[in-house]
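Here's a quick tour of the ligand sites in this one. Have the viewer open and follow along.

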Amino acid sequence: MFRLRCAAPGAAGGHPLWLGPGALDGLPAVWRPGWHAAALVADATAFRLHGAAVVRGLRRCAGTVRVYEVPPGERHKSVATWLRLADRMLADRLDRGTCLVALGGGVTLDLAGFLAATYLRGLDHLLLPTTLLAVVDASLGGKTALNRPAGKNLLGAFRFPAAVLADTRLLETLAPREWRGGLAEVVKHAAVGDADLFGRLERAGNGLRRPGSLDLDLLARAVRVKLEVVARDPFERGRRSVLNFGHTVGHALEAATGHRVPHGAAVAVGMAVEAEVAVERVGLPAGERERLVALLGTLGLPARHDAAFERLRPHLEVDKKRRDGAIRLSLPARLGRMAGGRTGWTVPVGAAALRRAWERRAAAPGRAR
Ligand SMILES: NC(=O)c1ccc[n+]([C@@H]2O[C@H](COP(=O)([O-])OP(=O)(O)OC[C@H]3O[C@@H](n4cnc5c(N)ncnc54)[C@H](O)[C@@H]3O)[C@@H](O)[C@H]2O)c1
Ligand SMILES: [Zn+2]
């Protein structure tokens, strides 16, 4: 078990993060005396598989335990679901002595975090991530979000939890596709900030394809990359945008395909394409781009997509990193070291250069997905 701390603005010393098998047993240790009720906001699938143990744990801590299930799926990260949950909690007369406990993947954590930020102007909350993506990414760094028809994550607030308990036993029930999606973010963290982790992932190879198979030490290293970035720039004024590597193109691909390409796969394609740009623009050695593409393949992730670049283009134009009309990318100068330290950690890239990179990847050998 790793007992880490996440820097959180305002909280002296940050908040605890327990990571490993049995982390859920830490519930009584992180529970605060002022919390007399628990509102468990849970992904319905995660609740069916793992809810009983969580409810048992909560009953030991709180006098009242209420459960609010969220149907699985990105479309439920919505204003409608947020409002429905808030109204039910109000009907149940939950007051500010309630701790909101979120159990699920990134969808549930983003939604529940926003509910915690807004219900009665703010409740304390705990995050219990149940997907690999949520463990290495969505449970860290205090971002909460809802989607709107105009785009993903367009409403939200920064709200740091009181603690994160990431019990890795829960990851063993993930579908292979969800597991692979999380692996894409692990690769991203290695590429962004830990070259040694990248090498270890290469050595572990396709042994990582089975859900739950990632060694705890490697998982902790991927988590630390994000923690370190967030600690230096909690509100994304600059450095934190390095975590967007692969996401500018990835988000555009998701949107262009109506989310038929899942997030992790889209980020994998995005990293491969953005690495092409990085070779041209910031001197990423071509051999390192090849290592990235090879690792994605080994892990069962795509590195190219058949869609015409024109389909992505309108979606690139609404990226949150855009400034003064230019598309900006976070690019690695080497595996494990990001470029752009002098330009706010993003690099302006013309649409023509991005198109060339997209088309070079599309023409590369290997199967498109
Ligand atoms: N806040 C952040 O910093 C941040 C960072 C990255 C991603 N995100 C958000 O996270 C979301 C994606 O998260 P996700 O990939 O976890 O998706 P998700 O929450 O939709 O979960 C994926 C699927 O796995 C199922 N599931 C969850 N836990 C399970 C378990 N233990 N066993 C079996 N099935 C389980 C869910 O029911 C769902 O069908 C996106 O909305 C993204 O925007 C947020
Ligand atoms: Zn992501």
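What follows covers ligand 1 and then the zinc ion, all from a predicted model.

## Who sits around ligand 1

Start with the shell: 25 residues surround ligand 1, and the closest include E74, K77, T130, T131 and T173. By character, the shell splits into nine charged, eight polar and eight nonpolar residues.

## Polar contacts and cover

Two threonines reach ligand 1 with their side chains. T131 puts a polar side-chain atom 2.6 Å from an oxygen atom of the ligand, while T173 has a polar side-chain atom 2.7 Å from a ligand nitrogen. With K143 the backbone does the work: one of its polar backbone atoms is 3.1 Å from a nitrogen atom of ligand 1.

How much of ligand 1 does the protein cover? On its own, the ligand has 870 Å² of accessible area, and 87% of that is covered by the protein. Four elements each give two or more residues to the shell: helices α2 (44–61), α4 (106–118) and α5 (132–138), plus strand β8 (151–158). The largest share, four residues, comes from α2.

## The zinc site

Now for ligand 2, the zinc ion. Its donors are E185 through OE, and H247 and H263, each through NE2, at 2.0 to 2.1 Å. Along the sequence, the spacing of these donors reads E-x61-H-x15-H.

The E185/H247 pair ties together distant parts of the chain: E185 belongs to helix α6 (residues 176–193) and H247 to helix α9 (residues 247–256), with the two 62 residues apart. Buried or exposed, these two residues? Both E185 and H247 are buried.

Methods. Residues numbered from 1 in each chain as written. Chains lettered and ligands numbered in written order. Predicted model: local features only at pLDDT ≥ 70, side-chain atom pairs only at ≥ 80, totals over all residues. Heavy atoms only, no water. Near = heavy atom within 4 Å. Polar contact = N/O pair within 3.5 Å; in protein donor to acceptor, adjacent residues only side chain to side chain. Areas by Shrake-Rupley, 256 points an atom, 1.4 Å probe, with all protein chains shown as cover. Nonpolar A, V, L, I, M, F, W, Y, C, P; charged D, E, K, R; others polar. Donors = N, O, S within 2.8 Å, 3.2 Å for Na, K, Ca; no water. Buried < 20%, exposed > 50% of the residue type's maximum accessible area, 1.4 Å probe, protein only.
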